[in-house]
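Thanks, everyone. I have one structure to go through today, and I will keep it short. Let me put it up.

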Number of protein chains: 2
Amino acid sequence: MSSKKGAYSYKFPRPAVTVDCVVFGLDLEAEHLKVMLIQRDLEPFAGQWALPGGFVREHESLNEAAERELREEAGLDNIFLEQLYSFGEPQRDPRGRVISVAYYALVSPEAHEAIASTDARDAAWFDLEEVPSLPFDHKQILTMAKERLKGKVRYRPIGFELLPEKFTLSQLQRLYEIILETKLDKRNFQRKIHRMEILVDTGEVQQNVAHRAARFYSFDEAAYKQLERDGQEFSI
Amino acid sequence: MSSKKGAYSYKFPRPAVTVDCVVFGLDLEAEHLKVMLIQRDLEPFAGQWALPGGFVREHESLNEAAERELREEAGLDNIFLEQLYSFGEPQRDPRGRVISVAYYALVSPEAHEAIASTDARDAAWFDLEEVPSLPFDHKQILTMAKERLKGKVRYRPIGFELLPEKFTLSQLQRLYEIILETKLDKRNFQRKIHRMEILVDTGEVQQNVAHRAARFYSFDEAAYKQLERDGQEFSI
DNA sequence: GCAAAAGTGTTCACTTTACACCCATGT
DNA sequence: ACATGGGTGTAAAGTGAACACTTTTGC
């Protein structure tokens, strides 16, 4: 099992290495976080819903592997993706020693539609509260991903990744209420957001709503970077 | 290169998997963070200083591998250890594809002494500002570990891991000043610490110091857990 | 006109910050 | 007696939390 390369002196069997991705989406109507699962077509656990993922190839980095799997299995490209944690209990995979580098991803509602359009027909969204039983240690990975999201969303502007390009302040507030599992005060929330000056008013408003139309905003990346440079911090 | 196990359909060469550890120590006199490096005895980079680490064995978890390497190479046992990040650029190791799961560890001055006593004679402490050039992507790993420590120490009680069992408030303050690279106000700092009620006064005081003797405190794990249960948070 | 969500200010409590002096001890 | 670091209080500013009504729109 040792390598053919002369300089290589590793004498133990090598584990296989996979990436697994926790893809979060947001259902603002149902007020739920969603996670994307795919129906496995290979053993073990063929037919079961599982996190999208697969083996890391020889000439790609871990990030590239995660991006490729999301593209191939979920039809998702160019989305927020960040490494979560690596899982390596010896018995976590019945096939043998498999180490999984887990990632989490955040996708906007626009990107949701990509799933239907591509060959990722085995992918589906599940309410985070109604996830079926998952193979391997995918439940544990999912739990950790949710904790990471919950912890990070408060002090990094990653929540916007879950919203459409243009969104209302109410949608943004609902996002935080869903992720943080708490109610927020509307006036305090809006003041806080406005104070940071990281949103731009698109000038557009809601159409055909049976109440006063809300303004659409979008996240201003440049303004956020300026905020950081000024020693301020994003914070909800 | 495919596995002998029938159920296993992975057709790509497997990467090797290593763990690498960034071990931090604190030099309160010199007011510097230190990092432990070991002199490599194997190629590649034999003779160079590098992060302690090595290959993950077949029947051990990633955590166990990191613990074993620290024991074998640094004579360190039972210390704070947490996974940092996994590094997997295809060219990061000249031997071929090697994925490294990085950890960071915090050791108290008492544990420093372990190094001299064991067979870890190739281990040595370096001021964080005076680290020699490191092989592989170890510099990048070290940088990320430092950022993680800097970020985490403010809202988790992990700083205590770098102090002796019993410490003075000034030592604790100096710890934060060193890690956060900032000056703190003594009165405000002490008030903050006391308000959390997570330290116990050991009743002991400094001996043979040419000034009023400081009290020794120790971190009260149980009190901290109570604080958490009360919905409060550790914070500096 | 009514239902439904948008938008907007003020007060109070608490936390953070800035700041200076006396105390205990060894030499 | 002096040098050294230990230990302590107070006032001002800023931040976070609580709280209710008017506006706009579609039906």
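I'll start with the contact inside one chain: domain 1 of chain A and domain 2 of chain A bury about 1500 Å² between them, with 71% of that on carbon and sulfur atoms. On the domain 1 side of chain A, the residues that lose the most area to domain 2 are L26(A), L28(A) and K150(A), which together make up 38% of what that side buries. Keep in mind that this is a predicted model.

Now the bounds. The domain assignment of chain A puts domain 1 at 16-152 and domain 2 at 157-229. Their C-alpha centres are 27 Å apart. Domain 1 of chain A brings 19 residues to the contact and domain 2 of chain A brings 13.

What about charges and polar pairs? Between the two domains of chain A there are 2 salt bridges. The side chains of R174(A) and E31(A) form a salt bridge, at 3.8 Å from N to O. The count of residue pairs in polar contact between these domains is 4, with both residues at pLDDT 80 or more.

Several elements of chain A each give at least two residues to the side of domain 1 that touches domain 2: the strands β1 (16-27), β2 (32-39) and β6 (98-106), and the helices α2 (109-117) and α3 (138-152). By type, the residues on that side are 10 nonpolar, 3 polar and 6 charged.

Last, the two chains. A turn of 180 degrees, with a shift of 0.0 Å along the axis, lays chain B on chain A with an RMSD of 0.0 Å. That is how a two-fold axis relates copies. Both copies use the same surface, as 100% of the contact residues of chain B recur in chain A.

Notes
Residues are numbered from 1 along each chain as its sequence is written. Chains are lettered from A and ligands numbered from 1 in the order in which they are written. This is a predicted model: local features need pLDDT of at least 70, side-chain atom pairs count only at pLDDT 80 or more; totals for chains, interfaces and linings use all residues. Side-chain values use heavy atoms; hydrogens and water are left out. Copies are superposed by least squares on the C-alpha atoms of residues with pLDDT of at least 70 in both. Contact means heavy atoms within 4.5 Å. Domain bounds come from an automatic or database domain assignment. Buried area is the accessible area (1.4 Å probe) that two parts lose on being put together, summed over both. A salt bridge is a side-chain nitrogen of Lys or Arg within 4 Å of a carboxyl oxygen of Asp or Glu. A polar contact is a pair of N or O atoms within 3.5 Å; within protein, one must be able to donate a hydrogen and the other to accept it, and residues adjacent in sequence count only if both atoms are side-chain atoms. Helices (H or I, at least four residues) and strands (E, at least two) are DSSP runs, numbered from the N terminus. Ala, Val, Leu, Ile, Met, Phe, Trp, Tyr, Cys and Pro count as nonpolar, Asp, Glu, Lys and Arg as charged, and the others, Gly among them, as polar.
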